[in-house]
Amino acid sequence: MQQKKFYITTPIYYVNDVPHIGHAYTTIAADVAARYQRLEGADVFFLTGTDEHGQKVQQAADEFGVSPQEHVDKLHQRFKELWVRLNISNNDFIRTTEERHKKLVRDILRQLHSKDEIYRDSYEGWYCTPCERFWTEKDLAEGNCPECQRKVDKIKEHNYFFRMKKYQRWLVEKIKNDPHFILPASRKNEVLGFLEKPLEDLCISRPKSRLAWGIPLPFDEDYVTYVWFDALINYISIHGSLDDIKTSKFWPADHNMVGKDILTTHAVYWSTMLKAIGLEPPKNIFAHGWWTVNGQKMSKSLQNVVEPNQLIDQFGVDVIRYFLLREVPFGLDGDFSHKALIGRLNSDLANNLGNLLNRTVNMMKKYCGGIIPVPATVAAEDNSLTEKSAEVIAEVRKLYNELAYNKILQKIWELVDATNQYIDKTGPWNLAKTDAGNERLKTVMYNSAESLRVLGILLNPFMPQSTESLMKQLGVATAIEEQGMNSIDKWGGLKSGSQTQKANPLFPRIEDKQAEKILAEISAPKKDAAHQITIDEFMKMELRTGKIMAAEKVKKSKKLIQLKIDIGTETRQVLAGISASYEPADLVGRTVIIVANLKPAKLMGIESQGMVLAAGDGDTIMLAGFDQEPGQGIRVR
């Protein structure tokens, strides 16, 4: 039988963003689907990456005094490092600044232009810089961008357009006739509602005079490609040339997984782009919801942005993976709270699953010398457990087709509960008291361990580290992916004679006092929060070295010295209140650090074009300096 192919993608994350719980949520969800398909024996390709072009990247790089390429080379690592910590099993990581991506974007543009799918025209509209998007007058919300509610600017210029509106009728019919194309169903209705209005052609260029950081159009080097047209092509650019993609086993994708805020760009822009270049759209675009925090939208100003690395440090990676996909139905909005997370950890993971493993391994050691026994007599309770296992496995397989993660976990926990009840009902501690009971005990202990093996495989996509530990405790040496889903299709895959191993609890409970401490620390007002700045805010300061070329005291001032400072590109006039500690003649030739992008201010009627950095202790002031001579105009970091 031919091996099944499975291709799943996350959106590519905007490189200027700091990775947060929303990014983690999407990527973990995709990872679980990829891991499950590998267990089913599929040939899986799982893609994630970063979106690295556009105006916001160029602006940020300018503020930091680095090139856009240097900027993105540094920032994309934050996502790569987090995916390693979250145990993400992606096959590739695409960056839109890579040559393989840029080449395909230009090839597609060239082909569409030659087929008259792209044309040049003048355009006048309202432009939102943060969203990098044009809007018509009717789209605006009280004069502002309808997406981010920020100010928009009126722009008139020549640009290039993709004939998107010619595919509107095709797209509407595609969505209506394919119930799986857009999920969940509520999102499908949103897109159809959007398509009730006539589509406009899509502006796919930006003039280099306004934006230089992007992929140049192959037919007009004075323009770069609109970031969304560029970014969407990432899903196919990892597969080679356009001809390669048309014969690729991994296209169309099984799932394009996105947040609900970018559903329109994927369902409309991406689908029509693919139609124009002769490719099938993805089989499914799944738009999940957003996370709030204790009922509030995540916001830097509210200091409630949930940082995944901190959660991993506090609770462990598998606890986070489990909680995010168990707490709310995938597709709906969810509310994150540390209290709910602790509750799930204690009840589901520590008390139920963790306790089941712990009691089974302990009894195996006590009654069977730590060796998995050969099952003997079979009773009605055994048949009920094996039937429950088969029912859960079948239902889990169906639910993966819907990406119904919370329902999958609910179903798996039915087997956790059934196994705990099986042990309580059969009472191994009573069976061990008699010779007749000892034969029955072997079957009970075997079935308890075999059920845990089934649970380990079912839960592996969600909690890969913990389930491998579970297998070691059961004495199973074969990796879970090698065992696969087919190993639990028939009861009895656990080898008798294997040696179990006692280990630390998989999921240590968080006791009440510890929970109270964690919650108190999280809810406590952040000290000096109003005075804290982010690294991005700090980097907005342009600190540069400069050499003092001349210095003289300011008349009628006891403190001020007027300095002429060469910063490499120009000479600045700066006033510094340092005359109590320095004589003007001693300052000439000295290298100092100045804030070069400080707004000029007048002191004693004289303009000061910067600020010199110094440390002060009472009347004593010390200029900041260097052990070695750095030269003029060097950026200080």
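In the predicted model, strand β7 (residues 153–162) pairs with β9 in the antiparallel sense, and the pairing extends over two bridges. Within this pairing, F162 is placed opposite L202 of β9. Both strands belong to an open sheet of four strands, ordered β6-β5-β7-β9 and paired in antiparallel fashion. The edges of the sheet are taken by β6 (133–135) and β9 (202–203); each has a single partner strand, so one side of each lacks a neighbour in the sheet. Ahead of β5 (118–128), the loop that follows α4 (99–114) contains D116. The phi angle of D116 is near 65 degrees, a positive value in a residue other than glycine.

A further open sheet comprises five strands in the order β20-β19-β18-β21-β24, again with antiparallel pairing. Its edge strands are β20 (571–577) and β24 (611–612), each of which pairs on one side only. Strand β18 (residues 543–553) is joined to strand β19 (residues 560–566) by six bridges, and the two run antiparallel. Among the residues involved, A551 has L563 of β19 as its bridge partner.

Backbone geometry also includes cis peptide bonds preceding proline. The bond from L183 to P184 is cis, with omega near -5 degrees, and P184 is situated in the loop between β8 (182–183) and α6 (185–194). W251 and P252 are likewise joined by a cis peptide bond, for which omega is about 5 degrees. The loop holding P252 connects α9 (242–246) and β13 (255–259).

Two packed helices are described by the angle between their axes and the distance between the axes. For helix α12 (residues 317–326) and helix α13 (residues 338–368), the axes come within 10 Å and cross at roughly 105 degrees. Angles of 65 to 115 degrees count as roughly perpendicular, and α12 and α13 are therefore assigned to that class. On the α12 side, the contact is made by V319, I320, Y322, F323 and R326, which meet A340, L341, R344, L345, D348 and L349 of α13. By class, the residues of this contact comprise eight nonpolar and three charged, with no polar residue.

Helix α13 also contributes to an internal space. A search of the whole structure returned one cavity of 30 Å³ or more. The largest cavity holds about 50 Å³ of space. Its lining consists of G354, L357, N358, Q473, K502, A503, N504, P505 and L506. Helix α13 supplies the largest share of this lining, with three residues. The lining of the largest cavity divides into four nonpolar, four polar and one charged residue.

Among the pockets, the second largest has a volume of about 580 Å³. The lining of this pocket is made up of 27 residues, and those nearest its centre are H255, Y400, N401, E402 and L403. Two or more lining residues are given by each of β1 (5–9), α1 (21–39), α14 (380–400) and α15 (405–426). Of the contributing elements, α1 gives the most to the lining of the second largest pocket, namely three residues. The class composition of this lining is twelve nonpolar, seven polar and eight charged residues.

Key: Residues are numbered from 1 along each chain as its sequence is written. This is a predicted model: local features need pLDDT of at least 70, side-chain atom pairs count only at pLDDT 80 or more; totals for chains, interfaces and linings use all residues. Side-chain values use heavy atoms; hydrogens and water are left out. On a 1 Å grid over the protein atoms alone, a cavity is a set of points where a 1.4 Å probe fits but cannot get out, and a pocket is an open set with protein on both sides within 12 Å along at least five of seven lines; lining residues have an atom within 4 Å of a point. Grid points are joined across faces, edges and corners, and a volume is the space filled by probe spheres set on the points. Ala, Val, Leu, Ile, Met, Phe, Trp, Tyr, Cys and Pro count as nonpolar, Asp, Glu, Lys and Arg as charged, and the others, Gly among them, as polar. Two strands pair if DSSP finds at least two bridges between them. Axes are lines fitted to C-alpha atoms, for helices over the stretch in contact, and angles run from 0 to 180 degrees between N-to-C directions. Angles under 35 degrees count as roughly parallel, over 145 as roughly antiparallel, 65 to 115 as roughly perpendicular and the rest as oblique. Contact means heavy atoms within 4.5 Å.
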